[in-house]
Amino acid sequence: MEQSVWLIALDDLGPDACAIQLGAVALLELAPGQSDFVGDPLRMALAGLAEQKRRPYVIEAGGEAVGVLTLQAGAARLAGWPDDDSAWLLRGFLIDRRRQGTGLGRLAAAAAVEAAAKLTARHSSGEAGVVLSVNERNPAGLAAYGKAGFVDRGQYLGGSSGPQRTMFCSFTQDQPGGLPLPRAPH
């Protein structure tokens, strides 16, 4: 049976519905050693709600919260991208440890790209795709992002938890791996 995920935009919910979703997020669990790569899920969701350029989402599968992610505008350099505005930054991405290895990460990453494309179209903001950085010590993350259409664009050494890989997924399906890497401003 094919799995599916839904992204629930916390910004679009009323106070009661948001509180219910945040309660579910508080129950998500990190796998051992995962705290080196990602923060506390509830804190990530709350930080996303507190900043206007961030769009926090709860990832749902089978009617229950299975993860979180945030799309952030104007911050792509945080993932090693040469400029802030040509791509959405995917950050704070986590699948509950009890559901990891089931393909939900790949589905959620692909859904995040679709959500970012819709945000770009709605706001005419001009982003060309989604960028993220994933720790080189996280082979499962690298594989899941690759299966979701992200392409490795090189090493990034700016993260606080060691060498990262910058990965990009274009909104344009006919360009595997996305658009050419933008040039850094001089």
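Ring pairs tie Phe 93, Tyr 145 and Phe 150 together into a cluster. That is a handy place to start looking around this structure, which is a predicted model. Within the cluster, Tyr 145 and Phe 150 are both buried.

The aromatic pairs come to three in total. One of them brings together Trp 81 and Phe 168: the ring centres sit 4.6 Å apart and the planes make an angle of 15°, so this pair is stacked. Planes have to be under 30 degrees apart to count that way. The two partners come from distant parts of the chain, 87 residues apart. Trp 81 belongs to the loop between β3 (64–72) and β4 (87–95), while Phe 168 is part of strand β7, residues 164–170. Trp 81 has a relative accessibility of 3%, so it counts as buried. Phe 168, with a relative accessible area of 1%, is buried too. Tyr 145 and Phe 150 meet in another way, as an edge-to-face pair with 5.8 Å from centre to centre and 70° between the planes.

Now for the sheet. Seven strands make up an open sheet, and reading across gives the order β1-β2-β3-β4-β5-β7-β6, with mixed pairing. The edges are taken by β1 (6–9) and β6 (151–156); each has a single partner strand, so one side of each goes without a neighbour in the sheet. From one strand to the next, the twist averages 30°. As a bit of background, strands of a sheet pair through backbone hydrogen bonds, and they can do so in parallel or antiparallel fashion. Here, β3 and β4 go for the antiparallel sense, with five bridges between them. Looking at a single bridge, Val 68 finds its partner in β4, namely Leu 94.

Helices lie across this sheet as well. Helix α2 lies across β2 (54–61), β3 and β4, and runs at about 135° to β2. Helix α4, residues 139–147, lies across β4, β5 (129–135) and β7, and its direction is about 160° to that of β5.

Strand β2 is also home to Arg 55. With a relative accessible area of 16%, Arg 55 is buried, since the cut-off for that label is under 20%. Leaving aside residues up to four places away in sequence, Arg 55 touches Ala 9, Asp 11, Asp 12, Leu 69, Thr 70, Leu 71 and Leu 119.

Some loop residues give the opposite picture. Pro 32 sits in the loop between α1 (15–26) and α2 (41–50), and its relative accessibility of 80% means it counts as exposed. In sequence, Pro 32 and Gly 80 are 48 residues apart, and in space they are 26 Å apart, C-alpha to C-alpha. Gly 101 is found in the loop between β4 and α3 (104–123). Gly 101 counts as exposed as well, at 82% relative accessibility. Between Gly 101 and Ala 144 there are 9.1 Å in space, taken from C-alpha to C-alpha, and they are 43 residues apart in sequence.

Technical notes
Residues numbered from 1 in each chain as written. Predicted model: local features only at pLDDT ≥ 70, side-chain atom pairs only at ≥ 80, totals over all residues. Heavy atoms only, no water. Phe/Tyr/Trp six-rings, centres within 6.5 Å; stacked < 30°, edge-to-face > 60°. Helix = DSSP H or I, 4+ residues; strand = E, 2+ residues; numbered from the N terminus. Buried < 20%, exposed > 50% of the residue type's maximum accessible area, 1.4 Å probe, protein only. Pairing = 2+ DSSP bridges. Axes fitted to C-alpha atoms, helices over the stretch in contact; angles between N-to-C directions. Contact = heavy atoms within 4.5 Å.
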